[in-house]
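Here are my notes on the model, set out as numbered points. Please read them with the structure open.

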Amino acid sequence: MLLGWSPEVWALAAAASLVAGTVRGFTGFGFALILVTSVSVLAPPAEIVPISLVLDIFAGIRLLPHVRHDIDRRGSALMVLGALPAIPLGALALASVDDDAMRLGIGIAVLVATLAIAAGLGLKRAPGAGLKLGTGVAMGLLSGSAGIPGPPVILLYLSSPLPAATLRATAVAVFLVTDLVSVSVMAGYGLVDANLALRCLILVPIVEGAVYLGRRLYGIAPEQRVRQAALVLLFLLAIIAIGRATLG
């Protein structure tokens, strides 16, 4: 076993990093959703969640210069404001909750978000300050507990009339901040160690290459097709995570 992971876990982590990085580079979101939901089927969530956050930070740093002009700055500030006090509560749950219970929670959260987006739930106008602040709270809880701040943000912006470029850019900016805070909080709970750093070093080149590929595809491949494919993948991963948690 390499750094405590079996070959099967490493193979799954590498494949998931490749897919997740490509989707992240193209859409601005989906990295943690794909990586955590898939790898947590074989590895404890407490091991993969911090790794996902660290890798997502690298992806965010790479993408931020390319999307900064499209960021919803006021919305980003409100969501970060709501997320910051909620992140420690989520991290406490990650450090103390049973692995299968956490897998079940991750799977249900992803499934609900995926079905809601696929159903086309929409807002008739741009979301207001209160909704963005509430989205930030939900995002912080999910970021701290499961490393997946994406579902509330994705649902908020995909269901609004705002341009897709705004979703992509705002997700990149907000996730970068919440990821940094979440990793710091998790370190305080003993969830970040030398093994995590070494695992990240092995996976970073895959993520970097995948993000670059996804960014190159942006504006070339039909965005709707990629989003549809991502939704199908997330739906399947959520079902697998729920099944793994309930059936053992």
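**A buried loop residue and its surroundings**

1. Start with D72. At a relative accessible area of 16%, D72 is buried, because the cut-off for that class is under 20%. The model is a predicted one, and the value is computed from it. D72 does not sit in a helix run but in the loop between α3 (45-67) and α4 (73-83). Leaving out residues up to four places away in sequence, D72 touches K132, Y157, T166 and T170.

2. Now the overall fold. The protein has 11 helices and 0 strands. Read along the sequence, the pattern is α-α-α-α-α-α-α-α-α-α-α. The C-alpha trace spans about 50 × 35 × 35 Å along its principal axes. The radius of gyration is 16 Å, which agrees with the value near 18 Å for a compact globule of 248 residues.

3. Burial and contact range come next. Of the 248 residues, 52% count as buried. Among contacts with a separation of 6 or more, 85% join residues 24 or more positions apart.

4. Which residues touch the most other members of the largest nonpolar core? They are W5, V39, I51, L55 and I148, in a core of 69 residues. Helix α9 (residues 164-188) gives the most to this core, with 11 residues. In soluble globular proteins, nonpolar side chains tend to be buried together.

5. L55 deserves a closer look, as one of those core residues. Residues up to four places away in sequence aside, L55 touches S17, F31, L35, C200, L203, V204 and V207. F31 and L35 fall in the range of α2 (31-39). F31 will return below, in the cavity lining.

6. On to empty space. Rolling a probe the size of a water molecule over the atoms shows where empty space is left. The structure holds 3 cavities of 30 Å³ or more. About 60 Å³ of space lies in the largest cavity.

7. What lines the largest cavity? The residues are R24, F29, G30, F31, A32, L33, D56, I148, P149, G150, I154 and F175. By class, the lining has 8 nonpolar, 2 polar and 2 charged residues. R24 and D56 are the charged pair, because Asp and Arg count as charged. I148 links this point to the core, as it is also among the residues there that touch the most other members.

8. Which helices each supply at least two residues of that lining? They are α2 (31-39) and α8 (150-158). Helix α2 gives the most, with 3 residues.

9. R24 is worth checking by eye. It lies in helix α1 (residues 7-27). R24 is buried, at a relative accessible area of 0%. Not counting residues up to four places away in sequence, R24 touches F29, F31, D56, A59, G60, L63, V172 and F175. Among these, F29, F31, D56 and F175 also line the largest cavity.

10. Is A146 buried or exposed? A146 has 2% relative accessibility, so this residue counts as buried. A146 is found in helix α7 (residues 129-146). Apart from residues up to four places away in sequence, A146 touches V36, V49 and I106. The C-alpha atoms of A146 and T170 are separated by 20 Å, with the two positions 24 residues apart along the chain counted as their spacing. T170 is also one of the residues that D72 touches.

11. L236 lies in helix α11 (residues 223-247). With 47% relative accessibility, L236 counts as partly exposed. L236 and A146 are 90 residues apart along the chain, and their C-alpha atoms are separated by 18 Å.

12. E47 is in helix α3. E47 counts as partly exposed, at 29% relative accessibility. Outside its neighbours within four places in sequence, E47 is in contact with W5 and R199. W5 is one of the core residues named above. The C-alpha atoms of E47 and V112, 65 residues apart along the chain, are separated by 24 Å.

13. Last, a backbone detail. L3 is not a glycine, yet has a positive phi of about 55 degrees. L3 is found in the segment before α1.

Key. Residues numbered from 1 in each chain as written. Predicted model: local features only at pLDDT ≥ 70, side-chain atom pairs only at ≥ 80, totals over all residues. Heavy atoms only, no water. Helix = DSSP H or I, 4+ residues; strand = E, 2+ residues; numbered from the N terminus. Buried < 20%, exposed > 50% of the residue type's maximum accessible area, 1.4 Å probe, protein only. Contact = heavy atoms within 4.5 Å. 1 Å grid on protein atoms, 1.4 Å probe; cavity = no way out; pocket = protein on both sides within 12 Å on 5 of 7 lines; lining within 4 Å. Points joined across faces, edges and corners; volume = space filled by probe spheres on them. Core = buried A, V, L, I, M, F, W, Y, C linked by side-chain atoms within 4.5 Å. Rg over C-alpha atoms; globule rule 2.2 N^0.38 Å.
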